[in-house]
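Trainee: Please take a close look at one part of this model for me, the shell around the ligand. Start with how far the coordinates can be trusted, then work inward.

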Amino acid sequence: MKSRGRLVGGRWRIPGFPFVFLLCLFFFLVGFFGSSLFSHKDEGILRQSPRMLGESVEGFNLLPHGETGEDSLSLIPYQVLSWYPRALYFPNFATAEQCESIIEMAKAQLQPSTLALRKGETLDSTKGIRTSSGMFISASEDKTRTLYLIEEKIAKVTMIPRSHGEAFNVLRYEVDQSYHSHYDAFSPSEYGPQKSQRVASFLLYLSNVEEGGETMFPFEYGQNMDGKYDFRKCVGLKVKPRKGDGLLFYSLLPNGTIDLTSLHGSCPVIRGVKWVATKWIRDQEQEDEED
Ligand SMILES: O=C(O)CCC(=O)C(=O)O
């Protein structure tokens, strides 16, 4: 019978316990580190894949495109967060560098945020509804072209041309600062006749927030719509701000009326600072946004 072992002096010798132990240990270590190496590699790929935003994708047979079309496929991952309101989440929509560059442009020009007043409202009666600081900046004012690139991408995912966007409203919320729930669309019965209407809003989160600061949709899927909702309350669908991520939601239904479930606000920041750039998109072209 053949035995497995070392040949010593012309005879096979069964290896001793230390040898077998070391051999087992060797294979264990190779297996352990090898597998963790591969699993990290996979995670890396998964984590990196959203970074491919907007890059072209190989391996598809593309169609001839029209004058304004593109000769590549775009990969812009998104998650449907809700149909009521229509809300989409875009992970890693912008890079960390783009976010930092927008904050840099905005921070020296921040002013207390303001509100569009309804009939009968005054600065005094609306005090406390929106406590962030903010500023407006359009892509044409940004020499780095960061805002232009972001706008292009927003236009692509909404299929609403850049020219329909208002200037970016860059906001900073510090601890305890918030924005009570409100609609972005202006109901003519409350605000008077409107030349154009806000169709959708795109929020680009420029910072992570340690705690709080979520964008909330208290009426999501019809919840809290019994008339008793307190507009300060942070309830319903909550979207946690994460640096570089985007949130798109529609304020109007496909029939052009205001989607009542699009009521939204910003929960108070509990720890950290929230930076966000809001782009309101209208049903009419905006004169000052052409370049
Ligand atoms: O800061 C947020 O999360 C919401 C901002 C907002 O509601 C707005 O700018 O209209």
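Mentor: Confidence first. This is a predicted model. Within the chain, pLDDT is lowest in strand S1, residues 6-8, with a mean of 38. It is highest in strand S13, residues 246-250, at 99. Residues 1-12 have pLDDT below 50. Beyond near neighbours in sequence, that stretch has eleven contacts in the model. Residues 33-53 also stay under 50. They have nine contacts beyond four places in sequence. Where pLDDT is low, predicted coordinates should not be read in detail. For the chain as a whole, the mean pLDDT is 86, and 79% of the residues reach 70 or more.

Now the shell. The residues around the ligand are Asn 169, Leu 171, Tyr 179, Asp 184, Leu 203, Thr 215, His 264, Gly 265, Ser 266, Val 276 and Thr 278. Three strands give two or more residues each: S7 (168-173), S14 (264-266) and S16 (274-282). S14 supplies the largest share, three residues. These are His 264, Gly 265 and Ser 266. S7 brings Asn 169 and Leu 171. S16 brings Val 276 and Thr 278.

Next, the chemistry. The shell divides into four nonpolar residues, six polar and one charged. The charged residue is Asp 184. The nonpolar set is Leu 171, Tyr 179, Leu 203 and Val 276.

Follow Thr 215 along the chain. Thr 215 belongs to the shell, and strand S11 spans 215-217. The loop between S11 and strand S12 (237-239) holds Asn 224. Asn 224 has a positive phi near 60° and is not glycine. Most residues other than glycine have a negative phi. Asn 224 counts as partly exposed because it has 17 C-beta neighbours inside 10 Å.

A second positive phi is worth a check. Asn 92, again not a glycine, has a phi of about 50°. Its place is the loop between S4 and helix H2 (96-107). Asn 92 is buried, because 20 other C-beta atoms lie within 10 Å and the cut-off for buried is 20 or more.

One more backbone feature involves S4. The peptide bond from Tyr 84 to Pro 85 is cis, with omega near 10°. Most peptide bonds are trans. Pro 85 lies in the loop between strand S3 (79-83) and strand S4 (86-90).

How values were computed: Residues are numbered from 1 along each chain as its sequence is written. This is a predicted model: local features need pLDDT of at least 70, side-chain atom pairs count only at pLDDT 80 or more; totals for chains, interfaces and linings use all residues. A residue is near a molecule or strand if its C-beta atom, placed from the backbone, lies within 6 Å of it. Helices (H or I, at least four residues) and strands (E, at least two) are DSSP runs, numbered from the N terminus. pLDDT is the predictor's confidence in each residue, from 0 to 100. Two residues are in contact if their C-beta atoms, placed from the backbone, lie within 7 Å. A residue is buried if 20 or more other C-beta atoms lie within 10 Å of its own, exposed if 12 or fewer, and partly exposed in between; C-beta atoms are placed from the backbone.
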